[in-house]
Amino acid sequence: MIFNRHPCYKNDYFRIPVTGKSNSTHNNVHLFYTPDIHSDIYTLAEDESKHCTRVLRLNQGDTVYLVDGKGGRYTAIIQDAHQKRCQLQIIDKHLEYGKLPYYVHIAVAPTKNMDRMEWFVEKAVEIGVSAITFLECEHSERKQLRLDRIEKIAVSAMKQSQKGYLPLLNELTSYQHFIKTCVPEDTFIAHLEDDATKSIRDYYQPHRQHCILIGPEGDFSINEIKAAYELGIKPVTLGQSRLRTETAALVACHTLHVLHDIYAPL
């Protein structure tokens, strides 16, 4: 789907505030995704152990950092630099690392070319997104997707951007089913019909769990738009320019961050 871009956003990058610690020294740290930490001793999986010892050439006594995708960031020391079972001693932990003081949920119909949707996921995670739901709509060109591949891309983006949280990634879901689970006053549908004249800014409320619906290349159908209206979901425009689906989804995500920065700064 092609959407409109908000005309005031001239730059591609904005400061995204977080409540967790920020340290410029994190730019060059060795970070590993470890979703199953339960004690102060942790053994890296075989692939991560090989990467740690053979690619990065880290040895006993070296410091590494771990992130569990749930807000936990850990500092650890290598105890045993085994190539298959690298054992770590956790010496420090920081919970709720980088936690956003608001909730951003993008529900988007995946494009036929998955490279474009994977690009969106990568960039949304880098910016900061709480949840992504993939919608199956009447005009959808894609009826299947590999969530495992998308999760790998999200994990990589989380590590690269030093995030503490991995967004919730939901399977391909029927549009009609999904909108019935939404909170209408916090959910907006971006479409190309003439009645979508107000922007997200006109409805934005700080510290709420906002969800924005982005349709396929052929737009939402009239029946889908009507169904959203009947539930109280409001239409929004993303501006003057026409955008592809993945760009519209990213603009929606970024817009919510910018609005929070303006109306509810830390």
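**Ser130**

I started at Ser130, which sits in the loop that links helix 2 (114-127) to strand 7 (131-136). The model is a predicted one. I asked whether Ser130 is buried or exposed. Its relative accessible area is 17%; the cut-off for buried is under 20%, so I entered Ser130 as buried. I then looked up what Ser130 is in contact with, leaving aside neighbours within four places in sequence. The list reads Tyr102, Tyr103, Val104, Pro167 and Leu168.

**Two residues with positive phi**

Next I went through backbone angles. Glu96 is not a glycine, yet its phi is positive, about 55°. I found Glu96 in the loop between strand 5 (87-94) and strand 6 (103-108). Its relative accessibility is 45%, and partly exposed covers the range between 20% and 50%, so Glu96 goes down as partly exposed.

Asp219 is another non-glycine residue with a positive phi, near 70°. I placed Asp219 in the loop between strand 10 (209-214) and helix 6 (222-230). Is Asp219 buried or exposed? With a relative accessible area of 7%, Asp219 is buried.

**The open sheet**

I traced the sheet strand by strand. Five strands make up an open sheet, and their order is 1-3-4-5-2. The pairing in this sheet is mixed. Which strands stand at the edges? They are strand 1 (31-33) and strand 2 (41-43). Each has a single partner strand, so one side of each has no neighbour in the sheet. From one strand to the next, the twist averages 40°.

I took a closer look at one pair. Strand 3 (residues 63-67) pairs with strand 1 in the parallel sense, over three bridges. As an example, I noted that Leu31 has Tyr65 in strand 3 as its bridge partner. Helix 3 (residues 147-160) lies across strand 1 and strand 3. I recorded the angle between helix 3 and strand 1 as about 150°.

**Cores**

I then turned to the nonpolar cores. The largest has 46 residues. Which residues have the most contacts inside it? I wrote down Ile106, Val108, Phe120, Phe134 and Ile214. Helix 7 (residues 245-263) gives the most to this core, namely eight residues. Domain 1 (31-94) and domain 2 (103-264) each supply at least three residues to this core.

I followed up Phe120 from that list. Not counting residues up to four places away in sequence, Phe120 touches Ile106, Val108, Ile132, Glu246, Ala249 and Leu250. A second core, separate from the largest one, has 16 residues. Its members include Cys137, Ile179, Leu213 and Ala228.

**Whole chain**

Last, I noted the totals. The protein chain has seven helices and eleven strands. Of its 266 residues, 52% are buried. I also looked at how far apart in sequence the contacting residues are. Taking contacts between residues at least 6 apart in sequence, 79% join residues that are at least 24 apart. The accessible surface of the protein chain is about 13,400 Å². Carbon and sulfur atoms account for 46% of that surface.

Technical notes: Residues are numbered from 1 along each chain as its sequence is written. This is a predicted model: local features need pLDDT of at least 70, side-chain atom pairs count only at pLDDT 80 or more; totals for chains, interfaces and linings use all residues. Side-chain values use heavy atoms; hydrogens and water are left out. Two strands pair if DSSP finds at least two bridges between them. Helices (H or I, at least four residues) and strands (E, at least two) are DSSP runs, numbered from the N terminus. Axes are lines fitted to C-alpha atoms, for helices over the stretch in contact, and angles run from 0 to 180 degrees between N-to-C directions. Contact means heavy atoms within 4.5 Å. Buried means under 20% relative accessible area, exposed over 50%, partly exposed in between (1.4 Å probe, protein chains only). Accessible areas come from the Shrake-Rupley method with a 1.4 Å probe; for residues, only the protein chains shown count as cover. A nonpolar core is a set of buried Ala, Val, Leu, Ile, Met, Phe, Trp, Tyr and Cys residues joined through side-chain atoms within 4.5 Å. Domain bounds come from an automatic or database domain assignment.
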